[in-house]
Amino acid sequence: MTVKQRLAAATAWVRALKAVRVIQWYGTRRGPLLSAGLSYQAIFAVFGGVWVAFVIAGGVIASQPGLRSALVDIVNTSIPGLIDRGDGGAIDLQQLLQATVLGWTGVIAAGVLLFTTLGWLASGRAAVLVMFGLPPSPTNVLIIKLKDLGLALAFGLALLVSAALTVVATALLSGVFDVLGIRERSEPAQIAIRAAVLVAVLLLDTAVLAIFYRVVSGIAIPFRLLAQGTVLAALGLGALKLLGTNLLGGAATNPLLASFAVIIGLLLWFNLVCQVIVIGAAWIAVSADDDAVELTGRGRVTRGK
C-alpha cells in the first residue's frame, strides 16, 4: 500500500468516527451560528433569572446561611464569575440579598426574565429541530409559551432543590470529617465539598438537558438515544465548569479587555455552553441516523431504512 493510499485510508477512518461525523453534522447545519444566537439571549436571561430567584427565595435563604452559600456555589459553578463574593464578579452578592419583590428592580428583572427566557427556549427549540432536520412545531403558539413558562419555573425550583441537596451532602460530609478527624477547612475537606457541588450540578444539568431535548423540542426521542446525547452534553458542561476559571482567564489578563473582562468572559462562557448543548442535539440526530430511526415532529419515531 502506497503512502497516498495509507493517508486516504487514515482519512476515511477518521471521518467515519462518530465524534467527527457529529461535528460535521453540527457545522453543516449552522450549529455555530445557532449557538451564538442562543448565547446572546442566555446572558440576559441569566441576569434576570438570578435576580428573580433571589427575590423569591430571599425569605428562605436569609435565615439559612448554609442554603444561601450552597445556592451561590451552584450558580458560580454553573456560571463562573457571575456572582461577586469579594473576589470579582458581575453581580454583587449583597445587592442580591437585599432584593425585594416589591421594588422596581424586581419588577423589571421579572419582565426581562420572562421575555428573554421564553425567547431563549424558543430559539433553543428551533436549534434542536434544525439539528434533527425537522420543520418548526405546528403546535399552537400560546400553548408552547405556557409550556415554556412552566419549564422555566421548574428549572428555578430544581436549582433550589439542588442547593438544598448540596447542603445535606455537605452536612453529611462534615459528620464524616469529624469521625475521621479531618478539619472542615483543610484541603481534602474542601476538595470533597467541591466535588459534592459538582455532582449536584452534573445531576441538575443531566435532568435539564433531558427535558430540553425531549420536552422543549416536543420530539419523542428513544431513551437510549436521548441518554447518549444528554449524558455526553452534561459531561461536556461539567468539563467546562471544572476548567471555567482557566478558560475565562485570558480576558482578565488582556489589558485592552480588562475593563470589560467579566462581561466578555460571560459571553465566551455562554457561547461554549450553548455549543455543547447544540452538539448534544447533533449527537442524538447522528445516533438516530445510524440506527435508521426517523425522528418526527409529531411525537413519534419511525424506522427509516
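Here's a quick briefing on the fold, helix H2 and the salt bridges of this chain. Keep in mind that we're looking at a predicted model. The chain has twelve helices and four strands, and a search of the whole structure turns up two salt bridges. Helix H2 is a handy place to start: it has a set of buried residues, and one of its arginines, Arg21, pairs with Asp290.

**The chain overall**

- There are 305 residues in the chain, and 39% of them count as buried.
- If you take the contacts with a separation of 6 or more, 71% of them come from residues 24 or more positions apart.
- The accessible surface adds up to about 16600 Å², with 69% of that belonging to carbon and sulfur atoms.

**Helix H2 and what comes just after**

- H2 covers residues 18-28, and Val22, Trp25 and Tyr26 are buried there.
- Those three sit on the same side of H2, because they cover an arc of only 100 degrees around the axis.
- Just past the end of H2, have a look at Arg30, which takes a positive phi of about 60 degrees.

**Salt bridge one: Arg21 and Asp290**

- The side chains of Arg21 and Asp290 meet in a salt bridge, at 3.0 Å from N to O.
- Arg21 belongs to helix H2 and Asp290 to helix H12 (residues 261-290), so this pair ties together parts that are 269 residues apart in sequence.
- Arg21 is partly exposed, at a relative accessible area of 25%.
- Asp290 also counts as partly exposed, with 39% relative accessibility.

**Salt bridge two: Arg224 and Asp291**

- Here the side chains of Arg224 and Asp291 meet, with an N to O distance of 2.6 Å.
- Arg224 lies in helix H9 (residues 223-242), while Asp291 is in the loop between H12 and strand S3 (293-295), so the pair links parts that are 67 residues apart in sequence.
- Arg224 comes out as partly exposed, at 47% relative accessibility.
- Asp291 is partly exposed too, and its relative accessible area is 25%.

**Putting the pieces together**

- For a tour of the model, you could begin at the buried Val22, Trp25 and Tyr26 of H2, then move to Arg21 in the same helix and across to Asp290 in H12.
- From there, go on to Asp291 in the loop between H12 and S3, and finish at its partner Arg224 in H9.

Notes. Residues are numbered from 1 along each chain as its sequence is written. This is a predicted model: local features need pLDDT of at least 70, side-chain atom pairs count only at pLDDT 80 or more; totals for chains, interfaces and linings use all residues. Side-chain values use heavy atoms; hydrogens and water are left out. Buried means under 20% relative accessible area, exposed over 50%, partly exposed in between (1.4 Å probe, protein chains only). Helices (H or I, at least four residues) and strands (E, at least two) are DSSP runs, numbered from the N terminus. The arc is that of the directions from the helix axis to the C-beta atoms. A salt bridge is a side-chain nitrogen of Lys or Arg within 4 Å of a carboxyl oxygen of Asp or Glu. Contact means heavy atoms within 4.5 Å. Accessible areas come from the Shrake-Rupley method with a 1.4 Å probe; for residues, only the protein chains shown count as cover.
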